Amino acid sequence: MSKNLCLKNSFKDCGILRSVLAMLLLSILCVLLQALIQTANSAAALASTAVMPMILLCNVLPVFLLMCVIYCLTNRVWISFLITALSAFILLTVNYFKVYFRSETLSVFDFSLVSEAADIMTGYSFPIPYTLIAALIIFIAAFILVLKNVTNAKTKPLHRLALFGICAALGIAGYFTIYNGTAVYKVLPSFANEYDDVSVAANKGFIYTFLSHTTQRQYTPPEGYTTEAAEAITGGEPDALAGELETPVNVIAVMSEAFFDMESCENIEWYDGMNPMQSFDRLRDDSLWGYISVPGFAGSTASTEFEFLTGINISLIDSSMPVVYKTHVTQKAYSVAQMFKDYGYTTKAMHPGKEWFYNRKAVYPRLGFDSVLFEDDFDYTSEDLIHYYVSDKVTSDKIISEYGDYLENGDGNGYFNFNVTIQNHGPYSTDEPRNYRLKPIDGLDEDGYNLLCNYADGLYDADALLGEICDYAEDLDVPTVVVFFGDHLPFFDSEGEYLTLLGKDVTSDTPEAAQNKYFTPYIIHGNTAFKNLVAENGGEVINGRGEDISSSYLASVLIEYMNIDGSPYFEKIGEISQSVQSISGSFYVENGEYTTDLSEESGELLKEYQYLSYWALRDYRKEEKD
């Protein structure tokens, strides 16, 4: 009897009940190893899992059920543990590095981007955290113990079939209660910074976070939505135009890779003449400028361009914040490019990167672009590559060349060119920079100093692109507007240490830190020909410091700046922005104040916004109206 109390003997030739007990203990171990790995991203992750039974259950249950199912098929605990734990460890490792490099948790939709990720990660080095090594050692030790000490007696097929049935029932019940969507996930408490989705995910556990965000891909209509309801919001068809433009205003839009206002950092000092944002600074007084809140921190480029082009805020259509070009833009959708196309404009999209990255080749035509240019369409040599990427100088030359070709050979009905740059994409080199722009900062090591100076050199080149395009436009007698904005902050390090040393807090649990983390600059500049046109028509050009807004509002601001009648869709989105200036997955800015709970009036406006978003992505069928 006493021998049976020993762990060593309790699981020798064990039957189905003891096998289930062993797998339950091993499932808990897997979840604790999960928390150990995630402590590299969130120090509170282990504590959350340990002291909150519901969070522990939500993470343990799927591991336990999978282990039991494999056991039912093999009658071997060690096989079920090996397959389950190894799968979990691989996913946790990938998640760790995605968080480290991109400050986003792994989602099921990322598996459609495997080739893209493999290509873009070739320039990164991979620091292996001690927690990952410790977890691997524990996993190997646990597997050896299981292999040596847990053996299975021959069990009746009927017993295993019964266990399989119980697991299936629990799995179905769990799916429809706690894993089907994020409703339960959101209400579970955590120790995390509520403004930081990565921290929240670490606190609530990767397994639970991953599974609860797998059902968001199906974009269903908001409650109460009908086409008529959307049209009632805009007073008719949302894409209807008032008439033709007497004198079209041409538009060049540039989303600059990792363009970030380093001057806003408190500890920044430049050497004389080395400020990398000289063009931005000289254009401010004669332009409309401000900051946009973007969907991702140090990543999610496609999400920011999606919000600008469509006017849709991603957090309102899918709380999992997916790669929308892979998941949601599966058919013709309404956008600002389509609006300009309806006015008769020639619409062109350009990106000096791979055509398959973020599925842009398929998506751009769906958003109303007549033609698209990618890396192979740019004229460059190996000397024009900076840290693997086509330089902003090559990009600005191409933008100007394409615009010049349109002015010479186009129909004169208007021109809209949208560009996504790539040069200043990370990783940023720690080698000696071209220029030492930044004065040394206390606490910053040599590698960090070189890295920041190399980033600042890239920022200078991006700023030079802005200046060259605006200067080119200034010499034209054709009304032209340039809109330029950053897609997200640069990735320097996963802990935000370098940004903190620069004097930019992105880690505190405060609204200010959230603003620092997600806000990038924008500027809208019209040439003299444009300003003269506006004056002749009795209008007024908006200059100076503008509102800080979500990137999903920027197209509406552009339309207002142009002094033209936009479609009712973009006009209504512009009206919503007057009350709710910023929308993210974790906070709002309502009437200039940060909040996590909107007033009833603003809540109704966001419901209308959701209706318009659904119309633009799913209900818009331009070809059926032609």
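In this predicted model, strands β2 (residues 288-293) and β9 run against each other, pairing in the antiparallel sense over six bridges. Two of the matched positions can be picked out by eye: Trp289 has Ile523 of β9 as its bridge partner, and Leu288 is bridged to Ile524 of β9.

Strand β9 (residues 519-526) has a second neighbour as well. Strand β8 (residues 480-486) also pairs with β9 in the antiparallel sense, here over five bridges. In this pairing, Val483 stands opposite Ile524 of β9. Ile524 thus turns up twice, as the bridge partner of Leu288 and across from Val483.

How much of β9 is buried? Eight of its eight residues are, so the strand is largely enclosed by the rest of the structure. Looking at the two faces separately, Phe519, Pro521, Ile523 and His525 sit buried on one side, while Thr520, Tyr522, Ile524 and Gly526 are buried on the other. Both faces of β9 are therefore covered, with a residue counted as buried when its relative accessible area is under 20%.

Back on β2, the picture is much alike: six of the six residues are buried, so β2 too is largely enclosed by the rest of the structure. Besides β9, two short stretches pair with β2. Strand β10 (residues 544-545) does so in the parallel sense over two bridges, and in that pairing Leu288 is matched with Gly544. Strand β11 (residues 549-550) likewise pairs with β2 in the parallel sense over two bridges, with Ile549 of β11 as the bridge partner of Ile292. Leu288 is therefore worth finding on screen, as bridges link this residue to Ile524 in β9 and to Gly544 in β10.

Turning to the helices, α7 (residues 130-149) has 20 residues and reaches 28 Å from its first C-alpha to its last, close to the 28 Å expected at 1.5 Å a residue. Which residues of α7 are buried? They are Thr131, Leu132, Ala135, Phe139, Ala142, Phe143 and Val146. These cover an arc of only 110 degrees around the axis, which puts them on the same side of α7. An α-helix has 3.6 residues a turn, so residues three or four places apart point the same way. On the other side of α7, by contrast, Tyr130, Ile137, Leu145 and Lys148 are exposed.

Elsewhere, helix α12 (residues 227-234) packs against helix α26 (residues 600-619) at an angle of about 120 degrees, with the axes 9 Å apart. The two helices are therefore oblique to each other, and their crossing is left-handed.

Conventions
Residues are numbered from 1 along each chain as its sequence is written. This is a predicted model: local features need pLDDT of at least 70, side-chain atom pairs count only at pLDDT 80 or more; totals for chains, interfaces and linings use all residues. Side-chain values use heavy atoms; hydrogens and water are left out. Helices (H or I, at least four residues) and strands (E, at least two) are DSSP runs, numbered from the N terminus. The expected span of a helix is 1.5 Å times one less than its number of residues. Buried means under 20% relative accessible area, exposed over 50%, partly exposed in between (1.4 Å probe, protein chains only). The arc is that of the directions from the helix axis to the C-beta atoms. Axes are lines fitted to C-alpha atoms, for helices over the stretch in contact, and angles run from 0 to 180 degrees between N-to-C directions. Angles under 35 degrees count as roughly parallel, over 145 as roughly antiparallel, 65 to 115 as roughly perpendicular and the rest as oblique. A crossing is left-handed if the near helix is turned anticlockwise from the far one by less than a right angle, and right-handed if clockwise.
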